[in-house]
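The exercises below are to be worked through with the sequence and the coordinates at hand. Each task is followed by a solution that proceeds step by step.

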Amino acid sequence: MALNIKYRPLKAFLLAVETKSFTHAAARLGVTQPSFTALIADLEAVLEVKLFERTTRHIALTAAGVEFRDRIERPIADLEEAYRSMLDLASMRRGAVVIGALPSTSLTLVPPALGALRRLHPQLQIRVVEAHNDELIGMLRINQIEFALATLLTDAPDLKFTPLVADAFFAVYPSRHEVVALPSLHWEDLIPFDLVLLAQGSSARHQFDRAVFADKATAGLRYDVTHMTTAVRLVGQGLGVAILPRLALPSLGLGALRSRPIEDDSAKRTIGVLHRQDRLLSPAAQALIETLRQVATEVESALPPLRPRQI
């Protein structure tokens, strides 16, 4: 037989034990004394035992009441603590989120979003794992991160993608480089030049390799680097042209270096939020994503234009 266990009569019983008064216990529970008495009577009827001995002046536990108190006091406290804990999570008074982020988003989107979230919800703990796109998708699939700021280069039915910002790859070069004179700029135009490329696993490298796979015979020197700041320093020394994401350019301190978009469709991408289809995002993660949406709108408005300026 299924037990019909109700919280309110149990709480009424424990309050009566604590206050030693039905009157005071009723006030603590926020009900009238007759309603409180009815709760205790219903509980005794369900249990088929008498829990209290009552007189007009005081109440006392029966032997059955003592045993019942000892059995339910800790479980009810644990239940209340579990409820409070879940309410704290829902209202973001506490919580922890582990997210993954492309290096370009770590430079631009993540810092202001974390700052804004900290001001609103100082108890939340956010851990950011920076990695290349392929690594982020792998971490998502084995639950190492709750969501990723990344791009979706191929179909992935197990993942849900929510766009945040339009991005593209730009050539970054010295002001007197031959790229300046080109009427338009495509992947194939870059092949003869010495290039500074982000390492394998990055979405920039993936899109470059896919675009120029058949044209390596005439290629210039290639520098493989992990960090975008390293690429900028190499270009600053006149060692080549770097291919870098538009999203990161304002944060890289280009100085006298110039940049222009690569005009092929394959040089464009969308940065967004990736998470598993079969997982619900925590309230803390949802709050962070909403903050990222607001930040992305502000950041995108300050980025270089996706199309080259007409002269």
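**Exercise 1. Find the residues at the centre of the largest nonpolar core, and identify the elements that build this core.**

The model is a predicted one. Begin with the members of the largest nonpolar core, which number 39, and rank them by how many other members they touch: L109, L136, F147, L149 and L292 come out with the most. Next, assign the members to elements; those giving two or more residues are strand 3 (96-101), helix 6 (110-120), helix 7 (133-141), strand 5 (147-150), strand 6, strand 11 (268-276) and helix 11 (283-301). Among the contributors, helix 11 gives the most, namely nine residues. As a last step, take L149 and set aside its neighbours within four places in sequence; its contacts then include L136 and L292, together with G100, A101, L102, T105, V110, L164, G272 and V273. A further core of 36 residues lies apart from this one, and F169, I191, V225 and A242 are among its members.

**Exercise 2. Determine how the buried residues of helix 10 are distributed around its axis, and what they pack against.**

First list the buried residues of helix 10 (residues 228-236), which are M228, A231, V232, L234 and V235. Then consider their directions around the axis: because they cover an arc of only 160 degrees, they fall on the same side of helix 10. The partners of these buried residues are helix 5 (103-108), strand 6 (159-173), strand 7 (195-198), strand 8 (222-225) and strand 9 (241-245). Finally, look at what comes after the helix, where G238 has a positive phi, near 75 degrees.

**Exercise 3. Describe the interface between domain 2 and domain 3.**

Start from the domain assignment, which gives domain 1 (7-79), domain 2 (92-165 + 269-302) and domain 3 (166-268). The C-alpha centres of domain 2 and domain 3 are 26 Å apart, and the contacts between these domains involve 16 residues of domain 2 and 21 residues of domain 3. Turning to area, about 1500 Å² is buried between domain 2 and domain 3, with carbon and sulfur atoms giving 60% of it. On the side of domain 2, H132, L153 and R269 supply 46% of the area that this domain buries against domain 3, which is more than any other three residues. The last step concerns charged pairs: one salt bridge is found across this interface. D167 and R269 form a salt bridge, in which the closest N and O atoms are 2.9 Å apart.

Key:
Residues are numbered from 1 along each chain as its sequence is written. This is a predicted model: local features need pLDDT of at least 70, side-chain atom pairs count only at pLDDT 80 or more; totals for chains, interfaces and linings use all residues. Side-chain values use heavy atoms; hydrogens and water are left out. Buried means under 20% relative accessible area, exposed over 50%, partly exposed in between (1.4 Å probe, protein chains only). Helices (H or I, at least four residues) and strands (E, at least two) are DSSP runs, numbered from the N terminus. The arc is that of the directions from the helix axis to the C-beta atoms. Contact means heavy atoms within 4.5 Å. A nonpolar core is a set of buried Ala, Val, Leu, Ile, Met, Phe, Trp, Tyr and Cys residues joined through side-chain atoms within 4.5 Å. Domain bounds come from an automatic or database domain assignment. Buried area is the accessible area (1.4 Å probe) that two parts lose on being put together, summed over both. A salt bridge is a side-chain nitrogen of Lys or Arg within 4 Å of a carboxyl oxygen of Asp or Glu.
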